Amino acid sequence: MAVITLASVIVAVYTVLDGRARYLHSVQPIISFKLSCSSKYLDLEILNTGKSPAHNVIVRISSIEGLATEYDPKEDNITGITFDLYPEEVVCNHIARIIDKPSKVLLKLNVSYMDDWDDLEDLTRTVFMYNAEEEIMVLDNNSSSK
């Protein structure tokens with residue numbers, strides 16, 4: 001009888017700890033990124049889609065491909081600074097001055113942040129933007145031939 005009681009207590013403790021770990025994982029911050037073009041700038045939006053804040057967020061741009069101009073860190077005032085990002089909060093920043101709207105941009109980022117439980121997340125992300133406003137050539141396969 002004592003063995004059954006001990007086994008029941010062990011299973012109950014394991015179930016509680018496993019449920020807590022799943023809950024903590026479900027409310028972690030989730031950092032999302034979006035690139036867009038305004039009239040003169042390439043903009044980076046950073047959004048926390050998770051359910052808890054991300055503390056000490058640091059975003060570093062490792063490379064940008066597809067721009068007519070080279071990346072100038074002086075144009076970018078978000079890289080390298082530390083900030084907090086709360087759930088559903090968005091930070092938007094000009095990261096590069098552009099001459100013409102690029103058709104494709106590939107941005108590589110290094111991101112680090114801490115969650116409410118002081119766990120450090122250190123991630124590498126790639127953000128891609130495709131300008132769908134460009135003209136697309138359509139082939140007409142229904143043309144009649146005589």
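In the predicted model, the largest nonpolar core comprises 26 residues, of which L35, L42, I46, L107 and L109 touch the most other members. The elements that contribute two or more residues to this core are the strands β1 (31–37), β2 (41–48), β3 (54–65), β4 (83–85), β5 (90–97), β6 (104–114) and β7 (120–130). Such an arrangement may be read against the general tendency of nonpolar side chains in soluble globular proteins to be buried together.

Two of these core residues illustrate how the strands are brought together. When neighbours within four places in sequence are left aside, I46 is in contact with I31, S32, F33, V59, I78, F83, L85, E89, V90 and V91. L109, which is found in strand β6, counts as buried because its relative accessibility is 0%. With its neighbours within four places in sequence again excluded, L109 is in contact with F33, L44, V59, R60, I61, S62, L123, T124, R125 and V127. One of these partners, S62, is separated from L109 by 47 residues in sequence, yet the C-alpha atoms of the two residues are 5.6 Å apart in space.

Three strands form an open sheet in the order β1-β2-β5, with antiparallel pairing. The edge strands of this sheet are β1 and β5, each of which pairs on one side only, and the twist from one strand to the next averages 20 degrees. The antiparallel pairing of β2 with β5 extends over 7 bridges, and L42 has A96 of β5 as its bridge partner; L42 is also among the core residues that touch the most other members.

A polar residue, N48, likewise lies in strand β2 and counts as buried, because its relative accessibility is 0%. The side chain of N48 takes part in polar contacts with the backbone at two positions: a polar atom of this side chain lies 3.0 Å from the backbone oxygen of S52, and the side chain also reaches the backbone oxygen of L85 at 3.0 Å. Beyond four places in sequence, the residues in contact with N48 are P29, I30, I31, P53, A54, L85, Y86, P87, E88 and E89.

E88, one of the residues in contact with N48, is found in the loop between β4 and β5 and has a positive phi of about 65 degrees although it is not a glycine. With a relative accessible area of 55%, E88 is exposed. A positive phi also occurs at N56, where the angle is about 55 degrees and the residue is again not a glycine. N56 is found in strand β3 and, at 39% relative accessibility, counts as partly exposed. These backbone angles can be set against the general pattern, in which most residues other than glycine have a negative phi.

Confidence in the prediction varies along the chain, whose mean pLDDT is 79, with 82% of the residues reaching 70 or more. Confidence is lowest in helix α1 (residues 2–26), with a mean of 82, and highest in β4, with a mean of 92, where the secondary-structure elements are concerned. Over residues 134–146, by contrast, pLDDT stays under 50, and the model has 1 contact beyond four places in sequence for this segment. Where pLDDT is low, the predicted coordinates should not be read in detail.

Notes: Residues numbered from 1 in each chain as written. Predicted model: local features only at pLDDT ≥ 70, side-chain atom pairs only at ≥ 80, totals over all residues. Heavy atoms only, no water. Core = buried A, V, L, I, M, F, W, Y, C linked by side-chain atoms within 4.5 Å. Buried < 20%, exposed > 50% of the residue type's maximum accessible area, 1.4 Å probe, protein only. Helix = DSSP H or I, 4+ residues; strand = E, 2+ residues; numbered from the N terminus. Contact = heavy atoms within 4.5 Å. Pairing = 2+ DSSP bridges. Axes fitted to C-alpha atoms, helices over the stretch in contact; angles between N-to-C directions. Polar contact = N/O pair within 3.5 Å; in protein donor to acceptor, adjacent residues only side chain to side chain. pLDDT = per-residue confidence, 0-100.
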